[in-house]
Amino acid sequence: MKVIIIDDEYYALRNLKSKLEKIDGIEVVAMYEDPAIALDEMSITQPDLAFLDIEMPEIDGINLLGMMFKERPDMDFVFTSAYHAYVTETLETKALDFLVKPVKFEQLYVTLEKIKKIRTKSSIVHKIEVKCFGDFVVAIDGKRIDDNWRTKKTEELFAYLLCMNGKSVSRDRIINDIWPEPSMEKGYANLYTTQYYLKKRLDTFGIQHVLKSRLGNISLSLEDMKLDLVEFDLFSERYHEDKSKMEMLEQMVELYRGLLLENKPYSWTLNIQQPYEVKFDNALDILIQFYRERGDEKTAEYYEMKKMF
């Protein structure tokens with residue numbers, strides 16, 4: 001793995017380089033005190049990983065990460081700083097870790113091993129399948145991960161963002177929906193911690209850049225997910241575009257296995273459940289009438305039975 005180090009303190013550069021060179025599979029290809037030069041030479045160094053100091057006079061590490069990511073989106077980043085308080089500011093970035101200076105070898109080793117595993121897994125296309133109707137089921141590559149969340153709120157935040165169908169949601173709204181009781185200050189602390197746990201949980205499966213934060217908003221990228229909510233809405237749209245396509249309604253009602261997140265008593269689900277339930281009932285009414293008019297009583301009775309559950 002080719003590594004570059006960027007820090008305006010020379011001795012911090014040398015200290016980190018000496019530790020990195022003791023780890024197998026790591027090649028330190030360049031060190032920089034000037035972030036601008038590091039950015040200009042990326043086409044030459046072609047790094048896989050960059051260690052970025054946060055406090056630098058010309059370009060701070062957080063802004064530098066954004067510039068580097070645009071040039072080389074497949075590289076990874078680790079922040080270093082003498083101040084632990086900066087960790088909350090890094091949560092909205094694509095950095096995989098935050099190390100406090102002076103960096104200890106043991107911490108560095110653990111971080112590098114984790115990144116090696118993530119990079120190995122990220123080269124594999126993962127199959128992510130999520131079911132929200134009825135029981136909440138999350139499976140990655142066919143393996144359920146439902147019981148392995150760090151906290152219950154980590155799972156709830158993931159479910160919440162899924163139900164937003166990929167739309168960005170403001171942090172204030174998330175806090176009001178998931179942590180309505182504490183003060184807003186405590187709510188922000190809860191959200192930052194939970195967001196961090198969710199990011200780490202996804203990282204363990206080599207799933208990166210799914211959780212997105214920008215300008216005070218958070219979202220989930222659904223591009224690589226098979227999500228029953230998205231499929232349900234898609235079938236509904238296709239039917240309304242062409243109401244002769246009864247197969248769209250048939251696929252809709254098969255996806256609906258119960259109320260949205262039926263086994264999760266989240267307070268915010270109540271407003272989301274009803275529209276899906278109404279669409280489901282309307283689809284069944286149309287299908288029952290359609291098959292009755294065609295004399296197919298057996299199929300009509302099948303959809304009538306679905307209305308009873």
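**Exercise 1. Cysteines**

Task: Is Cys132 buried or exposed, and why does the structure hold zero disulfides?

Solution:
- Step 1. Begin with accessibility. Cys132 has 0% relative accessibility, so it counts as buried. Keep in mind that this is a predicted model, here and in every exercise below.
- Step 2. Look for a partner. The cysteine sulfur closest to that of Cys132 belongs to Cys163, and the distance is 4.9 Å.
- Step 3. Compare with the cut-off. A disulfide needs two cysteine sulfur atoms within 2.5 Å, so the 4.9 Å between Cys132 and Cys163 is too far for a bond.
- Step 4. Check from the other side. For the sulfur of Cys163, the closest cysteine sulfur is the one in Cys132, again 4.9 Å away and too far for a bond. Cys163 counts as buried too, with 8% relative accessibility.
- Step 5. Write down the result: the structure holds zero disulfides.

**Exercise 2. A cavity and its lining**

Task: Which residues line the largest cavity, and how do they divide by class?

Solution:
- Step 1. Count first. There is one cavity of 30 Å³ or more.
- Step 2. Note the volume, which is about 30 Å³ for the largest cavity.
- Step 3. Find the lining on your screen. It consists of Ile128, Val138, Ile140, Ile145, Phe158, Leu202, Ile207 and Met225.
- Step 4. Sort these residues. Eight are nonpolar, while no polar and no charged residues take part in the lining.

**Exercise 3. From strand 1 to strand 2**

Task: In which sense do strand 1 and strand 2 pair, and what is the handedness of the crossover that links them?

Solution:
- Step 1. Locate the strands: strand 1 covers residues 2–6, and strand 2 covers residues 27–32.
- Step 2. Compare their directions. The two strands pair in the parallel sense, over five bridges.
- Step 3. Pick one bridge as an example. Val3 has Val28 in strand 2 as its bridge partner.
- Step 4. Trace the chain. On its way from strand 1 to strand 2 it passes through helix 1 (residues 10–20), and this β-α-β crossover is right-handed.

**Exercise 4. Backbone angles in loops**

Task: Where does Pro102 lie, and what is special about the peptide bond before it? Then, which loop holds Asp141?

Solution:
- Step 1. Find Pro102 in the loop between strand 5 (97–100) and helix 6 (105–122).
- Step 2. Read the omega angle of the peptide bond from Lys101 to Pro102. It is near -5°, and the bond is cis.
- Step 3. Move on to Asp141, in the loop between strand 7 (137–140) and strand 8 (143–144).
- Step 4. Read phi. Asp141 is not a glycine, yet its phi is positive, at about 55°.
- Step 5. Add the accessibility. With a relative accessible area of 45%, Asp141 is partly exposed.

**Exercise 5. A three-stranded sheet**

Task: What is the strand order in the open sheet of three strands, and which strands stand at the edges?

Solution:
- Step 1. Read across the sheet. The order is 9-11-10, and the pairing is antiparallel.
- Step 2. Look at the edges. Strand 9 (169–170) and strand 10 each have a single partner strand, so one side of each is left without a neighbour in the sheet.
- Step 3. Take the pairing of strand 10 with strand 11. These antiparallel strands share four bridges. Among the facing residues, Ser213 stands opposite Ile218 of strand 11, and Lys212 stands opposite Ser219 of strand 11.
- Step 4. Turn to strand 9, which two bridges join to strand 11. Here Val169 has Ile218 in strand 11 as its bridge partner.
- Step 5. Visit the hairpin of strand 10 and strand 11. Two residues lie between the strands, and Leu215 takes a positive phi near 50° there. Leu215 is exposed, with a relative accessible area of 72%.

**Exercise 6. A residue in a helix**

Task: Is Phe232 buried or exposed, and how many residues apart are Phe232 and Trp179 along the chain?

Solution:
- Step 1. Place Phe232 in helix 10 (residues 228–241).
- Step 2. Check its accessibility. Phe232 has 0% relative accessibility and therefore counts as buried.
- Step 3. Compare chain and space. Phe232 and Trp179 are 53 residues apart along the chain, and their C-alpha atoms are separated by 29 Å.

Methods. Residues numbered from 1 in each chain as written. Predicted model: local features only at pLDDT ≥ 70, side-chain atom pairs only at ≥ 80, totals over all residues. Heavy atoms only, no water. Buried < 20%, exposed > 50% of the residue type's maximum accessible area, 1.4 Å probe, protein only. 1 Å grid on protein atoms, 1.4 Å probe; cavity = no way out; pocket = protein on both sides within 12 Å on 5 of 7 lines; lining within 4 Å. Points joined across faces, edges and corners; volume = space filled by probe spheres on them. Nonpolar A, V, L, I, M, F, W, Y, C, P; charged D, E, K, R; others polar. Pairing = 2+ DSSP bridges. Right-handed = clockwise from strand over helix to strand, strands pointing away.
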